[in-house]
Amino acid sequence: MTVAQTFSSGGGSIPDDGNSIRFTLPVSGLPVSIDSTFGLKGVSINIMHPYVSDLDVLLIAPDSTYIELTTGNGGAGNNYLGTFFAPLS
């Protein structure tokens, strides 16, 4: 049986001055650690930004472990709309 959960956040403006900014998306009902033992199958994102290679997109668990979804990819392309990340198998 496959069950999906959706979590949404309003985010905010992404500065274009070389400074980092973090947007937190609170989730509930998941284990403290991000790994494959609880069945994470993929992540879908929508980010509006004119130069996506500026972006580092990570999942960060409450225990500070992280999964990098994308860093410096996309060249001069714009936006991650309906972008789905899944592990290679």
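Student: What pattern does the chain follow along the sequence?
Tutor: In this predicted model, the pattern reads β-β-β-β. The chain has 4 strands and 0 helices.

Student: What makes 56-60 a strand?
Tutor: A strand is a DSSP run of E, at least two residues. Residues 56-60 are such a run, named β2, and L58 is found there.

Student: Why is L58 called partly exposed?
Tutor: Its relative accessibility is 37%. Buried means under 20%, exposed over 50%. The value lies in between, so L58 counts as partly exposed.

Student: What makes L58, I60 and Y66 a patch?
Tutor: Patch residues need over 30% relative accessible area and no salt bridge, and nonpolar side chains are joined within 5 Å. L58, with 37%, passes the area cut-off. With I60 and Y66, L58 makes a nonpolar surface patch of about 300 Å².

Student: Which residues make up the largest nonpolar core, and why is it called a core?
Tutor: The residues are V43, I45, V52, L55, V57, L69, Y80 and F85, 8 in all. A core is a set of buried residues of listed kinds, joined through side-chain atoms within 4.5 Å, so this set earns the name. Strands β1 (43-47) and β4 (80-85) each give two or more residues to this core.

Student: How do you know that V52 is in contact with Y80?
Tutor: Contact means heavy atoms within 4.5 Å. Beyond its neighbours within four places in sequence, V52 has contacts that include N73, G77 and Y80.

Student: How much of the chain counts as buried?
Tutor: Of its 89 residues, 15% do. That means 15% fall under the 20% cut-off.

Notes: Residues numbered from 1 in each chain as written. Predicted model: local features only at pLDDT ≥ 70, side-chain atom pairs only at ≥ 80, totals over all residues. Heavy atoms only, no water. Patch = residues over 30% accessible without salt bridge, like charges linked within 9 Å, V, L, I, M, F, W, Y side chains within 5 Å. Areas by Shrake-Rupley, 256 points an atom, 1.4 Å probe, with all protein chains shown as cover. Salt bridge = Lys/Arg side-chain N within 4 Å of Asp/Glu carboxyl O. Buried < 20%, exposed > 50% of the residue type's maximum accessible area, 1.4 Å probe, protein only.
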